[in-house]
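Work through the exercises below with the sequence and the coordinates at hand. Each task is followed by a solution in steps.

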Amino acid sequence: MTPELIAILALGISILAFLWNIQRDIGILRRDHTDLRERMSRLEGLFAGLTQRESASAR
């Protein structure tokens, strides 16, 4: 194996590892985004119930 071939193979492997790492991080971010969306929906429901209860008691 020539030094050029070794360098090309090493570069290819490092690029694949980098892309795999990015792909994994994107998956984690999507999961976190989904979790955050669910939490926000729950909070919105709590606030909606609270405001409805306050407006009903003010009557």
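**Exercise 1.** Locate Met1 relative to H1, classify its exposure and list its contacts.

Solution. Met1 sits in the segment before H1; helices are DSSP runs of H or I with at least four residues, strands are runs of E with at least two, and both are numbered from the N terminus. The model is predicted: local features need pLDDT of at least 70, side-chain atom pairs count only at pLDDT 80 or more, and totals for chains, interfaces and linings use all residues. Residues are numbered from 1 along each chain as its sequence is written, and side-chain values use heavy atoms, with hydrogens and water left out. Next, the relative accessible area of Met1 is 73%, so Met1 is exposed (buried is under 20%, exposed over 50%, partly exposed in between, with a 1.4 Å probe and protein chains only). Finally, leaving aside residues up to four places away in sequence, Met1 touches Ile6 and Leu9 (contact: heavy atoms within 4.5 Å).

**Exercise 2.** Describe the fold and extent of the chain.

Solution. The chain has one helix and zero strands. Its radius of gyration is 26 Å, well over the 10 Å that the globule rule gives for 59 residues, so the chain is more spread out than a compact globule (the radius is taken over C-alpha atoms; the rule is 2.2 Å times the number of residues to the power 0.38). Along the principal axes, the C-alpha trace spans about 85 × 10 × 5 Å. As for burial, 0% of the 59 residues count as buried.

**Exercise 3.** Find the salt bridges and state the exposure of Arg24, Asp25 and Asp35.

Solution. Two salt bridges are present (a side-chain nitrogen of Lys or Arg within 4 Å of a carboxyl oxygen of Asp or Glu). One joins Asp25 and Arg24 at 3.7 Å, N to O. Asp25 is partly exposed at 36% relative accessibility, and Arg24 is partly exposed at 43%. Another joins Asp35 and Arg39 at 3.5 Å, N to O. Asp35 and Arg39 are four residues apart in helix H1, so about one helical turn separates them. Asp35 is partly exposed at 34%.

**Exercise 4.** Which residues form the nonpolar surface patch, and where does Ile22 lie?

Solution. The patch consists of Leu11, Ile15, Phe18, Leu19, Ile22 and Ile26, with about 560 Å² of accessible area together. Patch residues have over 30% relative accessible area and no salt bridge; like charges are joined within 9 Å, nonpolar side chains (Val, Leu, Ile, Met, Phe, Trp, Tyr) within 5 Å. Ile22 lies in helix H1, residues 3-58, and is partly exposed at 35%.

Methods:
Areas by Shrake-Rupley, 256 points an atom, 1.4 Å probe, with all protein chains shown as cover.
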